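Biologist: Please take a close look at one part of this model, the place where the ligand sits, and describe its surroundings for a first-year student.

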Amino acid sequence: MTASILVLNGPNLNLLGTREPEVYGSETLADIEAASQECGKSLGLDVEFRQSNTEGDLVTWIQEARTAYDGLVINAGAYTHTSVAVLDALLACDNLPVVEVHLSNINQREEFRHHSYVSKAADGMICGFGGYGYQMALQAIARMIDQT
Ligand code: DQA
C-alpha cells in the first residue's frame, strides 16, 4: 500500500518566489510541491501539500495527520518559534514520523529564530537547503516507515 504523507506549510510560505528571495530562493511553493510530489512518487509515497496563514488550520491539520496519514512534514514558518498549540498537536502525533523543514538555515539567522517548538516534537529537522529540504524530509520519512 502507498503511504500517505501530509506536508504542511505555515504563514507567508504562499509568498515564496517573491518573498525575500535572497533568503528563501526563487522557487514558488507550487514549484516545491511539484518537485516533492515527483520525489514522493519515486519513493512510493503519496504526497499532499497544504498551506495556511492561520495557526488553527495548522493545528486542525496536524490532528488530522494523526489518524489519516502515515507521516508528516512541517514547515510551520514563524509559528515554529511561537506556537505551543502547534507543539501540543505534534506531541499527540507520536504514532507517526514527523520531520521539520525550513528553507533557510534558522540557526544562522536572528536569535529569535534559533528556538523551535516544532523541534521538541519532530523526529528530526532539515534546514538551509531551500526547497530541496522537502525532498530530503520525504526520504527520511520513507526510511522511517520502512524501518517500522
Ligand atoms: C522559515 C523560517 C522561519 O523563521 C520564518 O518565519 C519562515 C520561513 C523557513 O522555511 O526558512 O516563515 O520557516
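**The largest pocket and its ligand**

Modeller: The largest pocket holds about 170 Å³ of space, a volume being the space filled by probe spheres set on grid points joined across faces, edges and corners. A pocket is an open set of points on a 1 Å grid over the protein atoms alone, where a 1.4 Å probe fits, with protein on both sides within 12 Å along at least five of seven lines; lining residues have an atom within 4 Å of a point. This is a predicted model, in which local features need pLDDT of at least 70 and side-chain atom pairs pLDDT 80 or more, whereas totals for chains, interfaces and linings use all residues. Residues are numbered from 1 along each chain as its sequence is written, and side-chain values use heavy atoms, without hydrogens and water.

Of the 15 residues that line the largest pocket, Arg19, Tyr24, Gly77, Ala78 and Arg113 lie nearest its centre. The ligand sits in this pocket, since more than half of its atoms lie within 2 Å of the grid points.

Three polar contacts (pairs of N or O atoms within 3.5 Å) involve oxygen atoms of the ligand: a side-chain atom of Arg19 at 3.0 Å, a backbone atom of Ala78 at 3.2 Å and a side-chain atom of His102 at 2.8 Å. The protein covers 99% of the ligand's own 320 Å² of accessible area (Shrake-Rupley method, 1.4 Å probe).

How values were computed:
A polar contact is a pair of N or O atoms within 3.5 Å; within protein, one must be able to donate a hydrogen and the other to accept it, and residues adjacent in sequence count only if both atoms are side-chain atoms.
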